Amino acid sequence: MLTGGPSSTGSVNRGPLLTDVAVVGGGVVGLAVAWRCAARGLRVVVHDPAPGSGASRVAAGMLSPVAEAYFGEHELTGLLAASAARWPAFAAELTEAAGTGFGYRTEGTLVVGLTGDDLAEARRLWSYQRELGLPITPLRPSELRDREPALAPRVRGGAVAPGDHQVDPRRLVTALRTAAERAGATLVTGSVRALSELDARVTVVAAGCGAAALTGLPVRPVKGQVLRLRAPDGGPPGFRHVIRGYADGEPVYLVPRDSGEVVVGATVEERADTEVTAGAVLRLLRAAVDLVPELAEYDLVEATAGLRPGTPDNAPILGPLPGRPGVLAATGHHRHGIVLTPVTADLVTELIVSGAADPLLAPFTPERFAASAGPAGRRRHG
């Protein structure tokens, strides 16, 4: 895609422009693209007024290709699985490149139902997931509590998804920024109001909800409220697995950190504000304590809200804008930004370096929303 094409070493021959790749957005996706591109020898500039302050800061960090597989999302589930398979190698490379870890944990995820109705709902989804060949194994209540004694005795049953892991997104942002800068990327802490402001051979729009104004693509904000608890006396949480479940119809997840933190989330609201509401805090805490009673004794240290970049089909938008091959979208990841980080960075970087589009990209290109990013939008945003 870049003029001159890839060299024999896999880097790109440099022309007269100062920047090969401008990345708009300094969350995990944008920083991962910047790191991968800079490591291939490209001159990269990342533009963001406050890197890591958007959806990446609020995210829980679950790498859940199984537990996040929903009815009617076959292609997205395939992409989730492909990216999750890249995470072990991605984590090892990033740890070496950044010189620091970021809470990558592989204990797996337990999916549980508190009541009979909750368990019936969960079983419907497990049946679908198993039909897709995804690794999820139903467990009896006694088997669940053998794995996690902290679970409430009322829990009626559940399943284990051993391949659903986790990272700490806040630490991940730090590691990606360090790796990108060590590889030669430059970070500019400023806003981009129009793509015409940028002087680069290729522009990657990884601006989350901000991508709509820059590209005309149908990316909308989906509000999520999240809580952070801390175990008493600074010790580790009393459970090791990520726990996802239903408690009297309320979906909730609990993510334990090595630091003693437990992330509790999350609401899904078609709203664009970032206010924390008492009702959401109440619902999340009630569901969390119903599943793991000891959480009632934990400290509540943070309640926050963020905006996920949603799309009409809940899938990301990856690839060149219609009629604008020099502008690539890497946005619209909705609930899946952390797990999809490796595959997004790899596919976008390869497209930039070689011009070759991996077949994995085909269902997720901006072309499927071409009418939304029509000529008026293209003219308006440069």
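In this predicted model, 8 strands make up an open sheet with mixed pairing, arranged in the order 5-6-4-11-12-13-10-14. Its edges are formed by strand 5 (137–139) and strand 14 (299–310), each of which pairs on one side only, and neighbouring strands are turned against each other by 25° on average when direction is ignored. Another open sheet, of 6 strands and likewise with mixed pairing, follows the order 8-2-1-9-16-15.

**Sheet 5-6-4-11-12-13-10-14**

- Strand 5 pairs with strand 6 (residues 157–161) in the antiparallel sense, over 3 bridges, and within this pairing L139 has G158 of strand 6 as its bridge partner.
- Helix 4 (residues 116–131) lies across strand 4 (109–113), strand 5, strand 6 and strand 11 (242–247), and runs at about 125° to strand 11.
- Helix 8 (residues 278–291) also packs on this sheet, where the strands it touches include strand 10 (220–230), strand 12 (250–256) and strand 13 (261–265), and its direction makes about 70° with that of strand 12.

**Sheet 8-2-1-9-16-15**

- Strand 8 (186–188) and strand 15 (317–321) stand at the edges with a single partner strand each, so one side of each is left without a neighbour in the sheet.
- From one strand to the next, the twist averages 20°.
- Strand 15 runs antiparallel to strand 16 (residues 324–331), to which 5 bridges join it, and the bridge partner of G319 in strand 16 is A329.
- Helix 1 (residues 28–39) packs on the sheet through contacts with strand 1 (21–24), strand 2 (44–47), strand 9 (202–205) and strand 16, its direction making about 170° with that of strand 2.

Note on methods: Residues numbered from 1 in each chain as written. Predicted model: local features only at pLDDT ≥ 70, side-chain atom pairs only at ≥ 80, totals over all residues. Heavy atoms only, no water. Pairing = 2+ DSSP bridges. Helix = DSSP H or I, 4+ residues; strand = E, 2+ residues; numbered from the N terminus. Axes fitted to C-alpha atoms, helices over the stretch in contact; angles between N-to-C directions. Contact = heavy atoms within 4.5 Å.
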